[in-house]
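This briefing introduces one structure to a reader who has not met it before. Please view the sequence and the model together, then follow the topics in turn.

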Amino acid sequence: MSRTVEAVVLYEPGKVAVEARRCDEPGPGEVVIAPSVVGICGSDIHLYQDGRIGESVVREPLVLGHEAAGRIAAVGAGVAGFHEGDRVIVEPGIACGQCRFCVRGRYNLCPAVRFLGIPPTNGLMAGGVRVPARWVYHWPDSLSDAEGAMIEPFAVGLQAVEEAGIQPGDSVAILGAGPIGLMILQAARIRGAGQIISIDLAQKPLEMARRLGASAVINPRETDPISAVRELTGGDGADVVIEAVGATPTIKQTLELVRRGGTITLVGIASESAIPLNTTKIVRTGLQLRSSFRYAHQHPVAIFLATAGRVDLRTLITHHFPIGQAPEAFDFVTQHKNDVIKGVVEFTTAG
Ligand SMILES: [Zn+2]
Ligand SMILES: [Zn+2]
């Protein structure tokens with residue numbers, strides 16, 4: 001038996017349609033979740049604009065979306081702890097569980113991962129999606145579905161500050177104040193960072209960064225970020241620099257913002273895969289160059305912190321679109337990148 005659900009499908013760059021799709025009953029170990037709110041991520045917009053993200057290319061119609069909260073619609077055989085109607089969120093990287101990376105707990109590096117909403121795996125922007133119960137978490141009644149959809153990008157932020165190894169009191173400069181930059185900012189605050197300096201080319205993200213706890217914000221269109229960060233850090237540069245833009249100039253700039261012996265962590269994914277960096281400087285000033293990719297074991301932490309009121313997942317959601325307007329939503333978000341911090345698609349009247 002299967003059900004028919006509405007799904008947001010990407011056909012080719014610039015062409016998204018809402019159409020009926022079949023959702024099969026859950027197999028053993030699986031549940032069907034009915035998302036009520038799904039976030040529109042920067043990677044969804046990459047797919048929408050370019051038909052690809054990095055090596056992943058849209059070759060056949062793809063259901064988008066990987067940031068979802070909703071309800072359990074059906075429970076497969078052998079699944080314990082979930083019942084129809086339960087409020088849940090989804091961790092969208094379905095790792096294999098068998099490879100050496102999975103076995104050692106670094107499942108964000110699983111080469112066999114099926115990441116929902118990244119080609120060739122269909123995503124969560126659909127009225128019903130089959131997911132292994134292992135990747136589904138209960139969501140508390142005290143928080144809204146929209147906030148639940150923000151746990152995935154918050155998990156990215158938590159992973160980034162863990163990889164960056166932020167210590168209490170560290171000065172942290174974050175390049176980019178989009179949703180990921182803002183989640184990194186909040187995760188850095190929770191981790192005990194001292195000064196948190198947010199850098200972005202647009203005014204609205206910087207205002208949001210201030211609201212979410214940045215101690216200083218810098219717009220490079222108005223102020224030279226290198227001298228500003230030096231000034232704020234007693235002439236040294238930041239202890240930790242995190243790059244959440246994924247552009248050649250900002251990746252290069254990390255070397256100028258960090259103090260001697262400091263740590264640089266790359267989170268943003270650049271469209272160019274080879275970027276020249278001053279490796280002499282990296283070695284001679286004892287820099288630690290690191291990266292952070294997706295997340296492992298962060299969802300339970302993210303849910304705990306959200307439930308405890310330690311993170312603001314609501315303020316950065318600036319735009320809500322009903323499912324029927326999903327095609328217009330993708331167009332709007334693409335056209336208004338500096339004004340839309342986070343847009344979400346709503347399937348029903350979300351709580
Ligand atoms: Zn995302
Ligand atoms: Zn694996």
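## Briefing

I323 is found in the loop that runs between β19 (317-322) and α11 (326-335). The model is predicted, and the points below cover this loop residue, a zinc site, a parallel sheet, salt bridges and a nonpolar surface patch.

**The loop residue I323**

- With a relative accessibility of 8%, I323 counts as buried, because the limit for a buried residue is under 20% relative accessible area.
- I323 and V344 are separated by 21 residues in sequence, and their C-alpha atoms lie 9.4 Å apart in space.

**The zinc site**

- Three residues coordinate the zinc ion (ligand 1): C41 through SG, H66 through NE2 and E67 through OE, at 2.1 to 2.6 Å.
- The spacing of these donor residues in sequence is C-x24-H-E.
- C41 and H66 link distant parts of the chain, 25 residues apart. C41 belongs to the loop between β3 (30-40) and α1 (42-50), and H66 to the loop between β6 (62-63) and β7 (67-75).
- C41 counts as buried at 13% relative accessibility, and H66 counts as buried at 3%.
- The third donor, E67, has a relative accessibility of 1% and counts as buried.

**Salt bridge from the zinc site to β20**

- Besides coordinating the zinc ion (ligand 1), E67 meets K342 in a side-chain salt bridge, at 2.8 Å from N to O.
- E67 lies in strand β7 and K342 in strand β20 (residues 342-346), so this pair ties together parts of the chain that are 275 residues apart in sequence.
- K342 also counts as buried, at 1% relative accessibility.

**Helix α1**

- Within α1, the residues S43, D44, I45, L47 and Y48 are buried.
- G51 follows α1 and has a positive phi, near 70 degrees.

**The parallel sheet**

- Six strands form an open sheet with parallel pairing, in the order β15-β14-β13-β16-β17-β18.
- Its edge strands are β15 (216-218) and β18 (288-291), each of which pairs on one side only.
- From one strand to the next, the twist averages 20 degrees.
- Strands of a sheet pair through hydrogen bonds of the backbone, in either a parallel or an antiparallel manner.
- Strand β17 (residues 258-266) and the edge strand β18 run parallel and are joined by four bridges.
- T263 has Q288, in β18, as its bridge partner.

**Other salt bridges**

- The count of salt bridges in the model comes to 13.
- The side chains of D141 and R87 form one of them, at 3.5 Å from N to O. This pair links distant parts of the chain, 54 residues apart: D141 is in the loop between β12 (136-138) and α3 (145-149), and R87 is in strand β8 (residues 87-90).
- Are D141 and R87 buried or exposed? D141 is exposed, with a relative accessible area of 69%, whereas R87 counts as buried at 13% relative accessibility.
- E256 and K281 form another side-chain salt bridge, at 3.4 Å from N to O. They link helix α8 (residues 248-257), which holds E256, to helix α9 (residues 279-284), which holds K281, with their positions 25 residues apart in the chain.
- E256 is partly exposed, with a relative accessible area of 29%, and K281 counts as partly exposed at 23% relative accessibility.
- R22, D24, E30 and R130 are joined into one network by salt bridges that share partners.

**The nonpolar surface patch**

- Which residues make the nonpolar surface patch of about 360 Å²? The patch is made by F101, L109, I269 and F293.
- L109 sits in the loop between α2 (100-103) and β10 (114-115).
- With a relative accessibility of 36%, L109 counts as partly exposed, because that class covers values between the limit for buried, under 20%, and the limit for exposed, over 50%.

Notes: Residues numbered from 1 in each chain as written. Chains lettered and ligands numbered in written order. Predicted model: local features only at pLDDT ≥ 70, side-chain atom pairs only at ≥ 80, totals over all residues. Heavy atoms only, no water. Donors = N, O, S within 2.8 Å, 3.2 Å for Na, K, Ca; no water. Helix = DSSP H or I, 4+ residues; strand = E, 2+ residues; numbered from the N terminus. Buried < 20%, exposed > 50% of the residue type's maximum accessible area, 1.4 Å probe, protein only. Patch = residues over 30% accessible without salt bridge, like charges linked within 9 Å, V, L, I, M, F, W, Y side chains within 5 Å. Areas by Shrake-Rupley, 256 points an atom, 1.4 Å probe, with all protein chains shown as cover. Salt bridge = Lys/Arg side-chain N within 4 Å of Asp/Glu carboxyl O. Pairing = 2+ DSSP bridges. Axes fitted to C-alpha atoms, helices over the stretch in contact; angles between N-to-C directions.
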